[in-house]
Amino acid sequence: MKTIGTLLLLWIMCLTASQIFAQGTVADTHVGGEEFNEEDLYDDERDAELDSLRQVVEELQTSVSTTEERYTDDAIWGDRAKYFNIAYVMQDLKVKNFDYKWDSDFGVALAFGKTFYLHRKPILNMIKFGIDWSYIDINFAKFQDKQNFFYGDDYYYPYYDIESVDMYQAEIGTAIGPSVTVNPYNHLKVNAYFRVEPSFSALYADEDFNCSYATFLSVGGAVSYKVISVGVEWRWGTSRFGKDVSGYDGIDWDTIDDETYDRLYDEAPSMKWKTSSLRFYISFRY
């Protein structure tokens, strides 16, 4: 509405200028009923008024152009900096020193964040670099242990003839990293990013809960049009859960006393669990 009003004002001013010029021309054609002289064609005062009017019109045109450019920039970049992601997760889990791998039955992830652009004006009028910060990134996956890796509350070599148990893995953290966004046409944008995600990681299996700090890395990209985005992300990292007692070959854990059991268990190193996820997500940018 502001732009239409400004353009209407410009049209009225141009029309007024043309009328002034026409009146001046008619007045100069006849002076007192006589033919005009050549000097009468030049009116310094009138010319100064016309030059001033032209200058005002040019300034208004520049102001309108600047306003439209800022409106477009805000609509494409400023109003679309925040995001909310909902992802479907395909995840696998491996244990170092053990030949085991689990594939998730299902998984979900949520992320809330914002892109902080490093410069206001796009490079080549279409490219912006920024820093993505997901304030909260939550990842959850469910597995089923059909390989009998778990026994009781501890982790041992596989015991057979034991029913499979459900496994639940979850992380909550914050993710930050660089990104590049390209705006090739209208409100269409394509972005790519890399993020580092310090997280609290947890694993629940067979009534045993373990947790640890973990650092995850992720790389991904998305295609956006106005509010809606679709993207894909690969995420990986290592957590430490339980104790690796694989180095205690020959020990009969059922016959040793409790003190020896506790000492050996405490001395055993933590097991490294490697996580790799492929996340397909829908994002809402606002």
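# Charges, loops and buried pairs

Reader: Is Leu124 buried or exposed?
Author: The relative accessible area of Leu124 in this predicted model is 71%. The cut-off for the top class is over 50%. Leu124 is therefore classed as exposed.

Reader: Where is the place of Leu124?
Author: Leu124 is not a glycine, yet has a positive phi of about 55 degrees. Its place is in the loop between E5 and E6.

Reader: Which residue has a place in the loop between strand E11 (208–225) and E12?
Author: This residue is not a glycine, and its phi is positive, at about 55 degrees. Its relative accessibility is 37%, so it counts as partly exposed. The residue in this loop is Lys226.

Reader: Back to the loop between strand E5 (106–117) and E6. Which arginine is found there?
Author: The arginine has a relative accessible area of 54%. Exposed means over 50%, so this residue passes the cut-off. The arginine in this loop is Arg120.

Reader: How far apart in space are Arg120 and Gly78, C-alpha to C-alpha?
Author: In sequence, 42 residues separate Arg120 from Gly78. In space, their C-alpha atoms are apart by 9.3 Å.

Reader: Which side chain has a polar atom 2.9 Å from the backbone oxygen of Arg120?
Author: A polar contact needs N or O atoms within 3.5 Å, so 2.9 Å falls inside that limit. The partner is found in strand E6 (residues 127–145). The side chain belongs to Lys128.

Reader: Is Lys128 buried or exposed?
Author: Lys128 has a relative accessible area of 4%. Under 20% is the limit for the lowest class. Lys128 therefore counts as buried.

Reader: How many salt bridges does the structure hold?
Author: Side chains of opposite charge can pair when their charged atoms come close. Here, a pair counts if a side-chain nitrogen of Lys or Arg is within 4 Å of a carboxyl oxygen of Asp or Glu. The number of salt bridges is 8.

Reader: Which residue meets Glu171 in a salt bridge?
Author: The N to O distance is 3.3 Å. The pair links distant parts of the chain, from Glu171 in strand E9 (residues 165–185) to a partner in strand E12, 64 residues apart. Glu171 is buried at 2% relative accessible area, and the partner is buried at 0%. That partner is Arg235.

Reader: How many residues apart in sequence are the parts tied together by Arg195 and Glu233?
Author: The two side chains meet in a salt bridge at 4.0 Å, N to O. Arg195 and Glu233 are both buried. Arg195 lies in strand E10 (residues 188–205) and Glu233 in strand E12, so the sequence separation of the parts is 38 residues.

Reader: What is the distance between the closest N and O atoms of Glu233 and Arg279?
Author: Glu233 in strand E12 and Arg279 in strand E13 (residues 270–285) link distant parts of the chain, 46 residues apart. Glu233 is buried, as is Arg279. They form a salt bridge, with the closest N and O atoms apart by 2.7 Å.

Reader: Which residues are linked with Arg195, Glu233 and Arg279 in a network of salt bridges?
Author: Glu233 pairs with Arg195. Glu233 also pairs with Arg279. The network further includes Asp132 and Asp137.

Reader: Which arginine gathers with Lys94, Lys96, Lys101 and Lys274 in a patch of positive charge on the surface?
Author: The arginine lies in strand E12 (residues 228–243). Patch members need over 30% relative accessible area. At 40%, this residue is partly exposed, so it passes that cut-off. It is Arg240.

Reader: Which residue forms a negative surface patch with Asp257, Asp258, Glu259 and Asp266?
Author: The residue lies in helix H3 (residues 258–267). Its relative accessible area is 42%, so it is partly exposed. The patch is completed by Asp262.

Reader: How far apart in space are Ser164 and Lys146, C-alpha to C-alpha?
Author: Ser164 is found in the loop between strand E8 (154–155) and E9. At 34% relative accessibility, Ser164 is partly exposed. Ser164 and Lys146 are 18 residues apart in sequence, and their C-alpha atoms are apart in space by 4.8 Å.

Note on methods: Residues numbered from 1 in each chain as written. Predicted model: local features only at pLDDT ≥ 70, side-chain atom pairs only at ≥ 80, totals over all residues. Heavy atoms only, no water. Helix = DSSP H or I, 4+ residues; strand = E, 2+ residues; numbered from the N terminus. Buried < 20%, exposed > 50% of the residue type's maximum accessible area, 1.4 Å probe, protein only. Polar contact = N/O pair within 3.5 Å; in protein donor to acceptor, adjacent residues only side chain to side chain. Patch = residues over 30% accessible without salt bridge, like charges linked within 9 Å, V, L, I, M, F, W, Y side chains within 5 Å. Areas by Shrake-Rupley, 256 points an atom, 1.4 Å probe, with all protein chains shown as cover. Lys, Arg positive; Asp, Glu negative; His and termini not counted. Charge placed at Lys NZ, Arg CZ, Asp CG, Glu CD.
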